[in-house]
Amino acid sequence: MQKIFIKYAIAILTVASFMILFINFLFYWHTLEARQFVTFRTKIDQVIHTLENNRQELALMKESLDEDYLTRARAAAYVLDREDVLSLSVVEMQYLADLLNVDELHVIDESGFIVAGSVSEYVGIDMSKHPQTNAFLALLESDVEGAYLIQEPQPNAAENKIMQYVGVARNGRKGVVQVGFEPKRQLEAQSRNTYDYIFFRFPMNVEEELYVMDYDTGIMLGHSGGLLQQYRGDCYRLEKLLDCTDGAYRKGKDGRLMYVVSERYDDVLLCAALPADVLFRELFRNTLHTFLYLLFVMIAVILLLIYLARRKVIGGIHQIIEKLTEITNGNLDITIDVGGNREFQALSGGINKMVKRIISLSDRVSDIIEVSGIPLAAFRYGSGDPYVFVTSGFGALLNIPDREVAALCRDVPSFEGYMKRLTEASVEGEEDVCQIGEDRYIRIHMSESPEAKLGVIIDVTGDIMEKREMRYENIHDPLTGLYKYQYFKKMTEEILRNIPEGKGCAAVMLDLDYFKDINDTYGHDVGDRYLQSFSSVMEFMPKEHFLTARRSGDEFCMLIFDCRSSDDIVGYLHDFYELLGRHQVALSDTQTGTISASSGFAWTDNRNTDISDLLNRADEALYEVKRDKKGTFRGY
């Protein structure tokens, strides 16, 4: 009887296992397709969102630049209407163009000829000879006051150089004033809206493809792998892709089957594709794991049935099955204690030990992680799990005690809230990186599937500190520690654009007096110490009003900002020179000296002031100080 029972039990368990395996195969295949479909639709939507944003950016930029260019053209017309244009030389026209911050400036007479301009080769050109120039002749016939024309960027007639021209009719006389600009910003923005640029910067998984085709002709317009390849197969044929909006399989290169999702956007078809064998590999791997698990469970159940059948303890079996059901449902805190004889007690103890081994799985995973030498931790929890599985290094990485980790793991909502707060407070400019305490940075990578949520936490403190050190070296002068000149100009441009109402700032150019004599007399090491001492005085000035930098050699510059008037600037410079006069520099073992520096400043309260112009004015003031009385300062 026992043999018959075991025989039928094996048959039933075998059939049940294969049914479960088959159902799991179908379910997981459907899940893989659905997950890949969602992934592809998300990536396609992100591409569309990027294209939309870039288009809006181009439109806003064009509107802003057209308005700015028209204003400069009208300003040029206003100035030239008060001048004898024919008497202006090319040099004078170029000077006027520089003042207006335009690349070209031309005057067209009533006959359609350029009679004056900032480019000598263009003077005398007949505007009617080329479609690009001929368009401006309509302004000569217009009776509308203030008539103007803004051309799109295009090759010009003279040199076939990409330019954007704006023309306005002259006031009170027949003629046109034309200004030209090199459309660098527009061309750069347009380059960011190409499919190759977007695909190059787009995150792609291994063997995934993103590509876009013309909806009418089927011509390939862009591909994540570049266009320098052949596109053979149904997955690259327009007529085969039109019905792939919900996901479908198409043949690719060399007959390889591809899973493809497509979506139309305007006059193009966006497609995402992945070799089907990538999905098959994951499916077969999952099926194999499921088979091994089922085989293990089947063997365990058969052995258990043999034991129970031998002992004929159906009541004990029921009790154990009830307890095992609770454990299967996720209640790992339960303890099985079936009395009656030593065998039941041994079985109960074995099951309890198995549960403890499951609970201690995180420690075994942690041991593997420690052997790898990588400072990381991991966590996992399913949609219906009452607790969170974490590795033992979790608390150490997050700098929280073990008892707090245990409390979080027992409450899934609290754990999710804690992780959400961590990820929301990410470090600026770093993806998924959070700061723990004052000197530790971690990266949290989370992924979610229908079965569970997974996460990996890794210590990236070294990487973050290295990046910050590199950034410091990129923007600071290595000898003095002051800002480098180019970064100083970038920061001052931002300060100028945001000058508060009723306040202003001043650019200050400084030059050390007699520095060459210091170098020649005491050597370059003393010269370096001389520069560092001067820089320390600059750095001592209040940061809320001073921005300091080394320009080159013994030349320095400052921006004094958030001041009410130029009198405040003079006051701050008096403080600076007083502090400089009290500062002693060791020139030798027995000799010290004070630093002598000349400076000039230029004040502005206009947000539209160009920083280069402001620095040039300060340079002129410095030149006068060096010529008249060194060691002092003077305003422009």
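Helices (H or I, at least four residues) and strands (E, at least two) are DSSP runs, numbered from the N terminus. The model is predicted: local features need pLDDT of at least 70, side-chain atom pairs count only at pLDDT 80 or more, and totals for chains, interfaces and linings use all residues. Residues are numbered from 1 along each chain as its sequence is written, and side-chain values use heavy atoms, with hydrogens and water left out.

**Exercise 1. The second largest pocket**

Task: State the volume of the second largest pocket and describe its lining by residue, by element and by class.

Solution.
Step 1. On a 1 Å grid over the protein atoms alone, a pocket is an open set of points with protein on both sides within 12 Å along at least five of seven lines, whereas a cavity is a set of points where a 1.4 Å probe fits but cannot get out; lining residues have an atom within 4 Å of a point. Grid points are joined across faces, edges and corners, and a volume is the space filled by probe spheres set on the points.
Step 2. The second largest pocket holds about 1,100 Å³ of space. It is lined by 27 residues, and Asp68, Arg72, Leu100, Asn101 and Asp610 are the closest to its centre.
Step 3. At least two lining residues come from each of H1, helix H2 (90-99), helix H5 (184-191), helix H16 (485-497) and helix H20 (611-628). The most come from H1, which gives four.
Step 4. For the classes, Ala, Val, Leu, Ile, Met, Phe, Trp, Tyr, Cys and Pro count as nonpolar, Asp, Glu, Lys and Arg as charged, and the others, Gly among them, as polar. The lining then divides into nine nonpolar, five polar and 13 charged residues.

**Exercise 2. The largest cavity and Thr133**

Task: Determine how many cavities of 30 Å³ or more the structure has, and characterise the largest cavity together with Thr133 of its lining.

Solution.
Step 1. A search of the whole structure returns one cavity of 30 Å³ or more. The largest cavity contains about 100 Å³ of space.
Step 2. Its lining has 13 residues, with Ile114, Tyr122, Gln132, Thr133 and Tyr165 nearest the centre. Strand E1 (104-108) and helix H3 (131-134) are the elements that give two or more residues to this lining.
Step 3. By class, seven lining residues are nonpolar, five are polar and one is charged.
Step 4. Thr133 belongs to helix H3. Buried means under 20% relative accessible area, exposed over 50%, and partly exposed in between (1.4 Å probe, protein chains only). Thr133 counts as buried because its relative accessibility is 8%.
Step 5. Contact means heavy atoms within 4.5 Å. Leaving aside neighbours within four places in sequence, Thr133 is in contact with Asp126, Met127, Ser128 and Ala157.

**Exercise 3. Phe136 and Ala11**

Task: Assign Phe136 and Ala11 to their places in the chain, and classify each as buried, partly exposed or exposed.

Solution.
Step 1. Phe136 lies in the loop between H3 and helix H4 (138-141). Phe136 is buried because its relative accessibility is 1%.
Step 2. Beyond neighbours within four places in sequence, the contacts of Phe136 include Met127, Tyr165 and Val176. The C-alpha atoms of Phe136 and Val176 are 7.8 Å apart, although 40 residues separate the two along the chain.
Step 3. Ala11 is in helix H1 (residues 2-80). With a relative accessible area of 40%, Ala11 is partly exposed. The C-alpha atoms of Ala11 and Ile108, 97 residues apart along the chain, are separated by 99 Å.

**Exercise 4. Two open sheets**

Task: Give the strand order of the open sheets of six and five strands, and identify the edge strands of each.

Solution.
Step 1. Two strands pair if DSSP finds at least two bridges between them. The six-stranded open sheet has the order E17-E19-E20-E18-E23-E24, with mixed pairing. Its edge strands, E17 (483-484) and E24 (633-635), each pair on one side only.
Step 2. Strands E18 (residues 504-512) and E23 (residues 597-604) are antiparallel over eight bridges, and Cys505 has Thr604 in E23 as its bridge partner.
Step 3. The five-stranded open sheet has the order E8-E7-E11-E10-E9, with antiparallel pairing. Strands E8 (220-223) and E9 (248-251) each have a single partner strand, so one side of each is left without a neighbour in the sheet.
Step 4. E9 pairs with strand E10 (residues 257-265) in the antiparallel sense over four bridges, and Ala248 stands opposite Val260 in E10.
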